[in-house]
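Me: Can we go through the labels on this one? I'd like to hear what each of them rests on.

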Amino acid sequence: MTPDQAFLQWCIELLSPLGRVRSRRMFGGHGLYVDELFMALIMGERLYLKVDDETQPRFEAAGCSPFTYTTAQGEQGALRYWSAPDEAMDAPDQMQPWGRLGLAAALRAQAVKLAKRSEEHTSELQSQSTISYAVFCLK
């Protein structure tokens, strides 16, 4: 087992109390899913958990750092993922509170995405109904 694989397996073990964890290679690292919800990234030897406006201050206060990358144009980019605190990397019970924060942020992000899709679908249905009604009136 390579060091990368060993770290990946350790991160899966750390997050496993939260639910079924699976990984997928992406962005030169790995994405981690808990019960099919994307909530963490591994880049190099670093685990990053999903944050939002509600959870990011906790990560900042713990001295964590955001996941950043350099674009093809040489600009700095950032995603809403912050490193897990060093002490949380020691054992699953120490990771659980941080993993729950990441999972909660991922759930809220999913809810927003689903609500937006629902609005778009409703708008599309309303447009189709309006067109149908207009066609009916023209007959």
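What follows is a short back-and-forth on strands, a loop and one exposure label.

Reply: First the ground rules: this is a predicted model, where local features need pLDDT of at least 70, side-chain atom pairs count only at pLDDT 80 or more, and totals for chains, interfaces and linings use all residues. Residues are numbered from 1 along each chain as its sequence is written, and side-chain values use heavy atoms, with hydrogens and water left out.

Me: What makes β5 and β6 a pair?

Reply: Strands are DSSP runs (E, at least two residues), numbered from the N terminus, and two of them pair if DSSP finds at least two bridges between them. Four bridges join β5 to β6 (residues 76-83), so by that cut-off they pair, and they run antiparallel. Tyr69 stands opposite Gly77 in β6.

Me: Why is β5 called an edge strand?

Reply: The open sheet has six strands in the order β1-β2-β3-β4-β6-β5, with antiparallel pairing. Both β1 (21-26) and β5 (66-70) pair on one side only, which makes them the edge strands.

Me: What is notable about phi of Asp35 and of Glu36?

Reply: Most residues other than glycine have a negative phi. Phi is near 50° for Asp35 and near 70° for Glu36, both positive values in residues other than glycine. Asp35 is in the loop between β2 (29-34) and β3 (37-43), and Glu36 is in the loop between β2 and β3 too.

Me: Why is Glu36 called partly exposed?

Reply: Buried means under 20% relative accessible area, exposed over 50%, and partly exposed in between (1.4 Å probe, protein chains only). Glu36 has 44%, so partly exposed is the label.
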